[in-house]
Every structure is written in structure tokens, then in C-alpha cells.
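Biologist: I'd like to go through this fold with you and ask where the labels come from. Can you put it up?

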Amino acid sequence: MKTPHPKAELLKAVADGEALQRLYKGRWIDVPAEGVLRYLADESDVSIRVKVDTININGFNVPRPLRELPAIGARYWVVQLSETQLTFSVNNSEDATDSSWIKKGICHLTRDSAIMHAKALLSFNSNENQA
């Protein structure tokens, strides 16, 4: 069995024409495919990722919620404003509750994404935004 190239996912993203970003001075900036290939060829110690698809909630760009359920048994996080931690995780069982949360647009693959989403929603009612 062949061992996949350590950068196989990034190479596939370049081949598929996906938007890519590199970490520069603490911020993710867009980088053209040619730049990514150059970094990979030079084996530069540069952090590169597929650009995260975001939505804007009250001026906050947050990762787009899941549009479909992950694989059965896969863990995901649900935005829950009444929770102290603003989120909780569940494993997909493909039941009516899972489907309901997906339809509401409150599910994410990472805890951090769910928290960002919750904080953006709470910003509508924060003391800073009140007259």
C-alpha cells in the first residue's frame, strides 16, 4: 500500500481549483494556486488551507453551518445560546432532531465554529449594540 504524499489534500485542492489561503502575520490571506505550488515545491514552512466558506452575521464572518448531516456516528457541534459554553456536541444518528438542527443552520464540524456562530448571534443583543 502506498503512503499518500503529506500534502496530498492541498495538491488535490489546487487541482480542483479550490480557493486557498496562507497564514501571514497571524491572518489568513488568499493565495493563487501558483503560489501554493511554489510553497509546496520549496517545502516552505508555510501554513496553507482551503479557504473557509463563511457567512456574515451582524458584521461577523463565521464558518458556514453544515448543509447536510455528516456520516452516521460522526461528531458535530450544535449552537445553543442557553448553554454556558454556547454549544454542545452530538454524534449523528440521523434522527428527526439531527435533521431539524441542520435545517435551522446551527450545526458545525468544529466546536470553535459553533462558538463563533453563537457569539455572532448574541451580538445582536449585546449591551454594546443597544442605544
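**Labels and the reasons behind them**

Modeller: Here we go: β6 pairs with strand β8 (residues 107–108) in the antiparallel sense, over two bridges. Keep in mind that this is a predicted model.

Biologist: What makes β6 and β8 count as paired strands?

Modeller: Pairing takes at least two bridges between the strands. β6 and β8 have two bridges, so they qualify as a pair. Within that pairing, W77 stands opposite H108 in β8.

Biologist: Which strand is joined to β6 by five bridges?

Modeller: That's β7 (residues 87–91), and β6 and β7 run antiparallel. R75 has N91 in β7 as its bridge partner.

Biologist: Why is β6 called mostly covered?

Modeller: Buried means under 20% relative accessible area. In β6, which spans residues 75–79, four of the five residues are buried.

Biologist: Let's turn to the helices. How do you know that α1 and α2 are roughly antiparallel?

Modeller: Helix α1 (residues 8–15) and helix α2 (residues 33–42) pack at an angle of about 155°. Angles over 145 degrees count as roughly antiparallel, so that is the label for α1 and α2. Their axes are 10 Å apart, and α1 passes α2 in a left-handed crossing.

Biologist: Which residues meet where α1 packs on α2?

Modeller: From α1, you have L10, L11 and V14; from α2, they meet A33, V36, L37 and L40. By class, this contact has seven nonpolar residues, no polar ones and no charged ones.

Biologist: What makes that contact nonpolar by class?

Modeller: Ala, Val and Leu are among the residue types that count as nonpolar. The contact is made of L10, L11 and V14 with A33, V36, L37 and L40, so the class count comes out as seven nonpolar.

Biologist: And the sheet with three strands: why are β2 and β3 called edge strands?

Modeller: The order in this open sheet is β2-β1-β3, with antiparallel pairing. β2 (27–31) and β3 (48–50) each pair on one side only. From one strand to the next, the twist averages 40°.

Biologist: How do you know that β1 and β3 are paired?

Modeller: At least two bridges are needed, and three bridges join β1 (residues 20–24) to β3. R22 stands opposite I48 in β3.

Biologist: Which strands does α2 touch when it packs on the sheet?

Modeller: α2 touches β1, β2 and β3, and its direction makes about 110° with that of β2.

Notes:
Residues numbered from 1 in each chain as written. Predicted model: local features only at pLDDT ≥ 70, side-chain atom pairs only at ≥ 80, totals over all residues. Heavy atoms only, no water. Axes fitted to C-alpha atoms, helices over the stretch in contact; angles between N-to-C directions. Parallel < 35°, antiparallel > 145°, perpendicular 65-115°, else oblique. Left-handed = near helix turned anticlockwise from the far one by under 90°. Contact = heavy atoms within 4.5 Å. Buried < 20%, exposed > 50% of the residue type's maximum accessible area, 1.4 Å probe, protein only.
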